[in-house]
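Below are some notes on the model, set out as numbered points. Please read them alongside the coordinates.

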Amino acid sequence: MEEEKRETQNQPAEEDDQIVNPWEVAAKDGGKIDYDKLIDKFGCQRLDQKLIDRVHRLTGRPPHVFLRRGVFFAHRDFNEILDAYEKGKKFYLYTGRGPSSEALHLGHLVPFMFTKYLQDVFRVPLVIQLTDDEKCMWKNLTVEESQRLARENAKDIIACGFDITRTFIFSDFDYVGGAFYKNMVKVAKCVTLNKVQGIFGFSGEDHIGKISFPPVQAVPSFPSSFPHLFSGKDDLRCLIPCAIDQDPYFRMTRDAAPRIGYHKPSLIESTFFPALQGETGKMSASDPNSAIYVTDSAKVIKSKINKYAFSGGQDSVEKHRQLGANLEVDISVKYLNFFLEDDAELEHIKKEYAAGRMLTGEVKGRLGSVLSEIVERHRAARASVTDEVVDAFMAARPLPNMFD
């Protein structure tokens, strides 16, 4: 009961020592985000080994590296999704992207890589929302530019390998209306101005478009928003993989859901992907050197890592051999934690680097190889995504293998 109370309270998006909301992530004095505090404040639960083991047992597939290494670390009612699945009841996945840049960086790919894994192992349908309307309002983009970026981002999303027979991608500008809009109105009637200000931190200086947007992101959680997919399946549950900064939207959604006759959506939430300059840094579209982009060449990737990846190594080889590296701050190790598949190799690197037997240059070199391979594979996949393929993913049509 205490957890439920915390979930539905009008909680401000800001704390004294850190700000975490859908538009800003910052820790006081350039510190690190305290995820334990976030769990306590937001009222979600930590994803424990018991749940990870249960995923392994139910799917018969090894848990994704993002599960094994705590990248996805928190949840809301994920256990209920697994309960339903164990009883033979299907669910659907919902995730999204705010298209504000031409190219995606590796941090943007994290939720999509994990969502693809969930789609593959559970064999369930997926809806992907492109919030081109949101970015038009928050980033001062024109409607036309927001729509163009949505299609460009859709190509990168499709390149992650989603099953076209189980996936529907939609842009808000194109899709909002009909049953979707009816659900938006139902949610909007459940949320007072005081509540939306408390959850999201809106002020009197924010334009009304921002205040009216949250129901748009809420209602893909409800199957009736997609009558061409889920007609007659209003009891279908929804699982949302996302970064934890999106949690405020779904606290609001979960409060409204039972009041309008729907299941609360379940969430599985990730940590934030750090900037190259360190966890105190912020990845910024205005600073291309803060991240590795899917358009970067192998040469650029190597250069960015060597120049900008914050090192936990010592300032001389002699001192490093003596004291070893501080793995807690080393960005190359953190990136390898995300993207190096081999658990044994990762542990070997950590052990040798922490002991001073492996140097920073060696660790950065291995990271460069890992990321270059990922980016090259992604680039090749994206090259095959034509406008016709995008149109096919975004067509409002039944999905033939939705639950096969």
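**Notes on helix packing, a central strand and aromatic pairs**

1. Arg151, Ala154, Lys155 and Ile158 of helix α8 contact Asp387, Val389, Val390, Asp391, Phe393 and Met394 of helix α21. Sorted by class, this contact comprises 6 nonpolar, no polar and 4 charged residues. The model is a predicted one.

2. The axes of α8 (residues 143-158) and α21 (residues 387-394) come within 10 Å and cross at roughly 85 degrees. The two helices, α8 and α21, are therefore roughly perpendicular to each other.

3. Strand β4 (residues 72-76) has 5 of its 5 residues buried, so β4 is largely enclosed by the rest of the structure. With strand β3 (residues 45-46), β4 pairs in the antiparallel sense over 2 bridges; Arg46 has Ala74 in β4 as its bridge partner. With strand β9 (residues 266-270), β4 runs antiparallel and is joined by 4 bridges; here Arg76 is bridged to Leu267 in β9.

4. How many aromatic pairs does a search of the whole structure find? The total is 36. In one of them, Tyr35 and Phe73 meet edge-to-face, at 5.0 Å centre to centre with 70 degrees between the planes. This pair links distant parts of the chain, helix α2 (residues 35-42) and strand β4, with the two residues 38 apart. Both Tyr35 and Phe73 are buried.

5. Tyr85 and Phe122 also form an edge-to-face pair, at 4.8 Å centre to centre and 90 degrees between the planes. Tyr85 lies in helix α5 (residues 78-86) and Phe122 in helix α6 (residues 106-122), 37 residues apart. Tyr85 and Phe122 are both buried.

6. Ring pairs also link a cluster made up of Phe66, Phe72, Phe114, Tyr117, Phe273, Tyr335, Phe338 and Phe339.

Methods
Residues are numbered from 1 along each chain as its sequence is written. This is a predicted model: local features need pLDDT of at least 70, side-chain atom pairs count only at pLDDT 80 or more; totals for chains, interfaces and linings use all residues. Side-chain values use heavy atoms; hydrogens and water are left out. Axes are lines fitted to C-alpha atoms, for helices over the stretch in contact, and angles run from 0 to 180 degrees between N-to-C directions. Angles under 35 degrees count as roughly parallel, over 145 as roughly antiparallel, 65 to 115 as roughly perpendicular and the rest as oblique. Contact means heavy atoms within 4.5 Å. Ala, Val, Leu, Ile, Met, Phe, Trp, Tyr, Cys and Pro count as nonpolar, Asp, Glu, Lys and Arg as charged, and the others, Gly among them, as polar. Buried means under 20% relative accessible area, exposed over 50%, partly exposed in between (1.4 Å probe, protein chains only). Two strands pair if DSSP finds at least two bridges between them. Rings of Phe, Tyr and Trp (its six-membered ring) pair if their centres lie within 6.5 Å; planes under 30 degrees apart count as stacked, over 60 as edge-to-face and the rest as tilted.
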